[in-house]
Structures are given as structure tokens and as C-alpha cells.
Amino acid sequence: RDELGRFLQQLNERLAATGAAASGAQELSRQRAAAGSALSAAIESNIAGMQRSTDAATDVEQLKREARAHIEQMASAMTVYRTREDRIQAEFGQRVSALEDRVRELESHARAAEARVAEQGRIALTDRLSQLPNREAFERRLAEECEQRAHHGWPLSLALCDIDNFKRVNDTWGHAAGDAVIAAVAATLRAALRGTDFVARY
């Protein structure tokens, strides 16, 4: 439970950071759109100005000067646009790269947390001494097998084993020897299992 709580807290923190990075990328997209609109407005304004100058010009030299001025203004607008575009593109690339890093980090932490939770679940269902599934695991598996038998009609066999004279082993050689016997019996049973068999310490 503590592990899950820590994981959820880390997940929230990383999702918040990812959301901030995504918002930054959206803001850059808006800036790019605004820069394009400003450039279009400047070009349209200067084209309209050139048309007015053409209509009002009284000589060729005046027309040349006014046309040159409008062209210079459009060139200046293009320069401003390219400068802003380069800055936005560079910053956008950095934002996207940071967002990708956040996503990869989040995926990595999620996989690690999932593995830890799975390992803790395995430990919770494993008998520490024999390293066999414990009573909880046995009862879960038995319920599953009974459900399968009821649904499909498959045969089901259940055997209970007891170690003869085990109390005498503990009384004569001590609990350490008794633990060794349990571990040895568990290893023997585990080695004899088929792929579909299940053995547990009840």
C-alpha cells in the first residue's frame, strides 16, 4: 500500500510536469500563428500602399521611391518573421524534446513501480521458509480450479501431504533442522511438478 501511494504521488508530479511542458508547446504554437498573421498583415498593407502609390504617382521617380520603400518594409517584416520563427522553432524543439524525456521517464517509473508491486504481491503469496505459495495463494488457486471444473467439467485432483515425525525432528535436532527438512521437502515437490501442477504450503 505504501509503495502504491508513493507511485501515485510520483505519477501525479510527473503528469503535472508533462502537462506544463505540453502547455508550453501550445503557447509556442500560438506565437507562431501570431507571427504568421503579423507577416501577412504587413505584406497586405504594403501591397495596398504600393497600389495607392501607383494610382497617386505623378512621375516615374516618385513611383520608384515609394515602391522601394514598401519593398524595404516587406523585407524588414520578413526578417522579423524569420528571426521569430527561428527562435520559436528552436524553443519548440526543446519543449518537444523535454516532453518526450518526461514521457520516457514516466514510462520507466511506471514499469519499475509495476515490477515492484508485482514482486511485493509475489512475496505476499509466498511462504518465506519453503518458498512455496502460501495458504492465501493456495486458496486463490483452489477457487480458480474449482470454477474451471464447474465451467468446463475438467477433472481436478487434490492431495494433502504431511511430514511424518516432524515434531521429533524439531525436538531432537532443533528448529533449524526442522526448517531444513521443510525446505528440502518443498524443493523435492517443486522438482516433481508438471507445468499445470500447483503445490503450496498450507
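Trainee: Let's start with a cysteine: is C161 buried or exposed?
Mentor: Bear in mind that this model is predicted. C161 has a relative accessible area of 68%. Exposed means over 50%, so C161 counts as exposed.

Trainee: And where does C146 fall: buried, partly exposed or exposed?
Mentor: For C146 the relative accessible area is 39%. Buried would need a value under 20%, and exposed one over 50%. The value for C146 lies in between, so the label is partly exposed.

Trainee: While we are on cysteines, how many disulfides does a search of the whole structure find?
Mentor: A disulfide would require a pair of cysteine sulfur atoms within 2.5 Å. The search covers the whole structure, and the number of disulfides found is zero.

Trainee: Thanks! Which kinds of elements make up the chain, and in what order do they run?
Mentor: The chain has five helices and zero strands. Read from the N terminus on, the order is α-α-α-α-α.

Trainee: What share of the residues is buried?
Mentor: The chain holds 202 residues. Buried stands for a relative accessible area under 20%. The buried share of the chain is 17%.

Trainee: How much of the area the chain exposes is supplied by carbon and sulfur atoms?
Mentor: In total, the chain exposes about 14,700 Å². Of that area, carbon and sulfur atoms supply 55%.

Trainee: Now to the rings. What kind of aromatic pair do F138 and Y202 form?
Mentor: Searching the whole structure turns up one aromatic pair. The ring centres of F138 and Y202 are 5.3 Å apart, and their planes meet at 80 degrees. Planes over 60 degrees apart count as edge-to-face, so this pair is edge-to-face.

Trainee: How many residues separate the two partners along the chain?
Mentor: F138 sits in helix α3, residues 135-152, while Y202 belongs to the segment after α5. The pair therefore links distant parts of the chain, and the separation is 64 residues.

Trainee: Which partner is buried, F138 or Y202?
Mentor: Y202 is exposed, at 56% relative accessibility. The other ring has a relative accessible area of 15%. Buried means under 20%, so the buried partner is F138.

Trainee: Let's move to the largest pocket. Which helix gives the most residues to its lining?
Mentor: About 1,100 Å³ of space lies in this pocket. Its lining has 32 residues, and those closest to the centre are L158, A159, F198, V199 and A200. Both α3 and α5 supply at least two lining residues each. With five residues, the top contributor is α3.

Trainee: And N170, which residues does it contact beyond its neighbours within four places in sequence?
Mentor: N170 is part of helix α4, residues 166-173. At 15% relative accessibility, N170 counts as buried. Contact here means heavy atoms within 4.5 Å, and the partners are H175 and G178.

Trainee: One last stop: how far is the C-alpha atom of M78 from that of I43?
Mentor: M78 lies in helix α2, residues 60-124, and is partly exposed at 29% relative accessibility. Along the chain, M78 and I43 are 35 residues apart. In space, their C-alpha atoms are separated by 8.8 Å.

Trainee: What is the matching C-alpha separation for A33 and E85?
Mentor: A33 belongs to helix α1, residues 2-56, and is partly exposed with a relative accessible area of 47%. A33 and E85 are 52 residues apart along the chain, with their C-alpha atoms separated by 9.9 Å.

How values were computed: Residues are numbered from 1 along each chain as its sequence is written. This is a predicted model: local features need pLDDT of at least 70, side-chain atom pairs count only at pLDDT 80 or more; totals for chains, interfaces and linings use all residues. Side-chain values use heavy atoms; hydrogens and water are left out. Helices (H or I, at least four residues) and strands (E, at least two) are DSSP runs, numbered from the N terminus. Buried means under 20% relative accessible area, exposed over 50%, partly exposed in between (1.4 Å probe, protein chains only). Accessible areas come from the Shrake-Rupley method with a 1.4 Å probe; for residues, only the protein chains shown count as cover. Rings of Phe, Tyr and Trp (its six-membered ring) pair if their centres lie within 6.5 Å; planes under 30 degrees apart count as stacked, over 60 as edge-to-face and the rest as tilted. On a 1 Å grid over the protein atoms alone, a cavity is a set of points where a 1.4 Å probe fits but cannot get out, and a pocket is an open set with protein on both sides within 12 Å along at least five of seven lines; lining residues have an atom within 4 Å of a point. Grid points are joined across faces, edges and corners, and a volume is the space filled by probe spheres set on the points.
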